[in-house]
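Visitor: I would like to go through this model term by term, asking for each label what justifies it. Could you take me from the overall make-up to the individual contacts?

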Amino acid sequence: MATAVRSAAGSSTLKQLLSELKAVRSSEGSGAYALASKYITDQYRRFETTEQQHCRAKEELQFTAQTYRCYLESLRKLKDLNENYRGKGERSIRETADMVGFKLPHDPK
């Protein structure tokens with residue numbers, strides 16, 4: 001029986017993808033996270049390569065996993081940016097200058 005060989009890139013991608021799913025879980029609920037994480041780990045096991053064979057689907061799975069990880073990470077970052085910079089009503093000139101990194105003329109340098 002051939003022993004399974006896991007690439008370091010594959011396992012790190014799987015860990016990163018599952019961690020991004022955990023970040024989504026906190027805002028969306030745990031039901032969807034459980035189903036998604038089970039499906040992803042099942043797919044990784046299904047397309048696992050061994051010493052005896054080369055599986056083209058594994059490379060496709062790797063690409064798809066990296067794409068979804070990037071998508072989930074980008075969504076999380078977008079949500080953070082929207083929370084930081086969304087409209088909060090009128091801001092003072094000082095708050096606006098501090099937000100974009102400018103100093104007002106009467107501020108000491």
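Guide: In this predicted model, buried residues make up 23% of the 109 residues in the protein chain, where buried stands for a relative accessible area under 20%. The secondary structure comes to four helices and zero strands, and from the N terminus on the elements run α-α-α-α.

Visitor: What makes the largest nonpolar core a core, and which residues belong to it?

Guide: The label requires buried nonpolar residues that are joined through side-chain atoms within 4.5 Å, and the largest set of this kind has eleven residues: L14, L17, L18, L21, Y33, I40, Y44, F47, L61, A65 and L72. The elements that give two or more residues to this core are α1 (8-28), α2 (30-46) and α3, and the largest share, four residues, comes from α1. As a general background, nonpolar side chains in soluble globular proteins tend to be buried together.

Visitor: Which residues make the nonpolar surface patch, and why are they called a patch rather than a core?

Guide: The patch, of about 520 Å², is made by L81, Y85, M99, V100 and F102. Patch residues must have over 30% relative accessible area, whereas core residues must be buried, which means under 20%; the five residues named are therefore counted as surface and not as core. Helices α3 (56-85) and α4 (93-100) each supply at least two residues of the patch, and V100 is one that lies in helix α4.

Visitor: Where is the centre of the largest pocket, in terms of the residues that lie nearest?

Guide: The pocket is lined by 17 residues, of which L17, Y39, I40, T64 and Y68 lie nearest its centre, and its volume is about 320 Å³. Each of α1, α2 and α3 supplies at least two residues of the lining, with α3 giving the most, nine residues. L17 and I40 also appear in the list of the largest nonpolar core.

Visitor: How do you know that E73 and K77 form a salt bridge?

Guide: The closest N and O atoms of E73 and K77 are 3.2 Å apart, and the cut-off is 4 Å between a side-chain nitrogen of Lys or Arg and a carboxyl oxygen of Asp or Glu, so the pair qualifies. Both residues lie in helix α3, four residues apart, about one turn of the helix.

Visitor: Why is K77 called partly exposed?

Guide: The relative accessible area of K77 is 44%, and partly exposed covers what is neither under 20% nor over 50%, so K77 falls in that class.

Visitor: What makes K38, D42 and R45 one network?

Guide: Salt bridges that share partners join these three residues. The side chains of D42 and K38 meet at 3.2 Å, N to O, and those of D42 and R45 meet at 3.8 Å, N to O; with the limit at 4 Å, both pairs therefore count. D42 and K38 are four residues apart in helix α2, about one turn, while D42 and R45, three residues apart in α2, are likewise separated by about one helical turn. A search of the whole structure finds five salt bridges.

Visitor: Are D42 and R45 buried, partly exposed or exposed, and which values decide?

Guide: D42 has 32% relative accessibility and so counts as partly exposed, whereas R45, at 55%, counts as exposed because the boundary for that class is over 50%.

Conventions. Residues numbered from 1 in each chain as written. Predicted model: local features only at pLDDT ≥ 70, side-chain atom pairs only at ≥ 80, totals over all residues. Heavy atoms only, no water. Patch = residues over 30% accessible without salt bridge, like charges linked within 9 Å, V, L, I, M, F, W, Y side chains within 5 Å. Areas by Shrake-Rupley, 256 points an atom, 1.4 Å probe, with all protein chains shown as cover. Buried < 20%, exposed > 50% of the residue type's maximum accessible area, 1.4 Å probe, protein only. 1 Å grid on protein atoms, 1.4 Å probe; cavity = no way out; pocket = protein on both sides within 12 Å on 5 of 7 lines; lining within 4 Å. Points joined across faces, edges and corners; volume = space filled by probe spheres on them.
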